[in-house]
Amino acid sequence: MNDAYQYDLKSHDTDTPLDWVCLLAVLGAKYGGDFKNYKQADLVSITDKLLNKECTLEQLTSDMRYYPYYNEAYHAVLGGLVGEYQLSDSDSDSDSDSNKMQYGLKAFSPIAKGFPYTDYDDFGSSRSFGYRRQHLGHDMMGQIGTPIIAVESGYVECLGWNRYGGWRIGIRSFDKKRYYYYAHLRQNFPYSKSLKEGGTVTAGDVIGYMGHTGYSDKENTNNIDIIHLHFGLQLIFDESQKDGNNEIWISCYELARFLSQNRSETVKDESSKEWRRIQNMVDPAVTDYEQSAQKNTADKKEEN
């Protein structure tokens with residue numbers, strides 16, 4: 001992922017911009033989705049042809065039967081992670097370079113910067129509480145109270161207790177294709193106080209705190225042996241999949257590794273005991289969503 005991302009980043013302001021997800025889709029079609037066969041030379045060969053204008057992406061993929069499938073699937077997973085954004089510090093000059101629009105990775109690791117964690121590829125492992133099932137997420141082990149970060153900007157779709165996940169948060173991407181699930185949050189103080197269902201969050205915001213709640217019908221119970229964040233990502237192509245029999249959860253191990261290069265730095269407010277991000281980010285996707293929501297509200301009032 002990082003190799004493809006670097007090509008996207010470096011070519012963005014040229015006359016031959018490369019979409020990193022499209023590059024991954026070309027490789028996906030070549031490897032049949034198995035990136036254990038990845039060779040950097042294959043990516044170099046593809047990008048050289050495109051950058052040297054030997055062919056277009058359409059020409060390159062015209063004989064790849066499964067390219068459209070991988071292109072749709074990979075954009076569903078990664079489509080909101082790279083784009084334009086604006087960073088600012090509370091005490092910075094409004095005309096400084098840091099306040100100008102930038103392009104690049106605007107998604108974050110779910111674990112705040114400076115907080116240790118361990119993880120491994122545990123997707124699909126066996127779980128038995130309630131009933132025998134597969135583990136459809138990625139566990140990141142750490143310390144009680146570690147700030148949990150919004151990976152991508154979106155709106156809070158779910159907030160509260162679940163017998164399996166304990167205190168948990170569900171955040172939906174604005175295009176509605178990705179549902180981020182953060183579970184086993186801290187007992188007594190699981191969430192950022194500003195969080196509410198229906199509210200928006202910006203990638204990099206502190207949304208909650210690591211704990212080990214869950215595996216209990218009794219609310220606010222620590223019944224998980226190991227302190228960790230359960231980080232899950234569900235793809236939704238049709239709303240019937242959201243809580244139905246055709247749910248699509250993906251392995252987040254490689255995604256977490258990729259996002260580890262961008263961890264949100266936080267500071268603790270001793271008066272409120274809350275952690276907050278140090279550097280603010282303006283994500284145009286948040287602005288567009290909130291403006292659209294306001295317009296829809298105004299239109300409904302006019303109709304009534």
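**Exercise 1. Lys-53 and Lys-176**

Decide how exposed Lys-53 is, then treat Lys-176 in the same manner.

Solution. This is a predicted model. Step 1: the relative accessible area of Lys-53 is 54%. Step 2: the cut-off for exposed is over 50%, so Lys-53 is exposed. Step 3: Lys-53 belongs to the loop that runs between H3 and helix H4 (57-61). Step 4: its backbone has a phi near 60°, a positive value, and the residue is not a glycine.

For Lys-176, the relative accessible area is 43%. Partly exposed covers the range between under 20% and over 50%, so Lys-176 is partly exposed. Its place is the loop between strand S9 (166-173) and strand S10 (178-183). Lys-176 also has a positive phi, about 70°, without being a glycine.

**Exercise 2. Helices H2 and H3**

Describe how the axes of H2 and H3 are placed, and state which residues make the contact.

Solution. Two packed helices are described by the angle between their axes and the distance between the axes. Step 1: the axes of helix H2 (residues 20-31) and helix H3 (residues 40-51) come within 11 Å. Step 2: they cross at roughly 125°. Step 3: this angle lies outside the ranges for roughly parallel, roughly perpendicular and roughly antiparallel, and H2 and H3 are therefore oblique to each other. Step 4: the crossing of H2 past H3 is right-handed. Step 5: H2 supplies Leu-23, Val-26, Leu-27, Lys-30 and Tyr-31 to the contact, while H3 supplies Asp-42, Leu-43, Ile-46, Thr-47 and Leu-50. Step 6: sorted by class, the contact has 7 nonpolar, 1 polar and 2 charged residues.

**Exercise 3. Strand S6 and its partners**

Find which way the side chains of S6 point, and which residues stand opposite Met-140 and Asp-139.

Solution. In a regular strand the side chains alternate between the two faces of the sheet. Step 1: in strand S6 (residues 138-141), His-138 and Met-140 point one way, and Asp-139 and Met-141 point the other way. Step 2: all of these residues are buried. Step 3: S6 pairs with strand S3 (residues 118-119) in the antiparallel sense, over 2 bridges. In this pair, Met-140 has Asp-119 opposite. Step 4: S6 also pairs with strand S13 (residues 228-235), again in the antiparallel sense, over 4 bridges. Here the residue opposite Asp-139 is His-230.

**Exercise 4. Gln-241 in a loop**

Is Gln-241 buried or exposed, and what does it touch?

Solution. Step 1: Gln-241 sits in the loop between S13 and strand S14 (248-249). Step 2: its relative accessibility is 12%, so it counts as buried. Step 3: leaving out residues up to four places away in sequence, Gln-241 touches Gln-234, Leu-235, Ile-236, Asn-246, Glu-247 and Ile-248.

**Exercise 5. Distance in sequence and in space**

For Val-286 with Thr-202, and for Arg-276 with Ala-256, give the separation in sequence and in space.

Solution. Step 1: Val-286 and Thr-202 are 84 residues apart in sequence, and their C-alpha atoms are 6.9 Å apart. Step 2: Val-286 is part of helix H7 (residues 284-303), and at 8% relative accessible area it is buried. Step 3: Thr-202 is among the residues that Val-286 touches, together with Ser-153, Phe-174, Thr-200 and Val-201.

Step 4: Arg-276 and Ala-256 are 20 residues apart in sequence and 21 Å apart from C-alpha to C-alpha. Step 5: Arg-276 lies in strand S16 (residues 274-277). Beyond residues up to four places away in sequence, Arg-276 touches Val-206, Glu-265, Thr-266 and Val-267.

How values were computed:
Residues are numbered from 1 along each chain as its sequence is written. This is a predicted model: local features need pLDDT of at least 70, side-chain atom pairs count only at pLDDT 80 or more; totals for chains, interfaces and linings use all residues. Side-chain values use heavy atoms; hydrogens and water are left out. Axes are lines fitted to C-alpha atoms, for helices over the stretch in contact, and angles run from 0 to 180 degrees between N-to-C directions. Angles under 35 degrees count as roughly parallel, over 145 as roughly antiparallel, 65 to 115 as roughly perpendicular and the rest as oblique. A crossing is left-handed if the near helix is turned anticlockwise from the far one by less than a right angle, and right-handed if clockwise. Contact means heavy atoms within 4.5 Å. Ala, Val, Leu, Ile, Met, Phe, Trp, Tyr, Cys and Pro count as nonpolar, Asp, Glu, Lys and Arg as charged, and the others, Gly among them, as polar. Buried means under 20% relative accessible area, exposed over 50%, partly exposed in between (1.4 Å probe, protein chains only). Two strands pair if DSSP finds at least two bridges between them.
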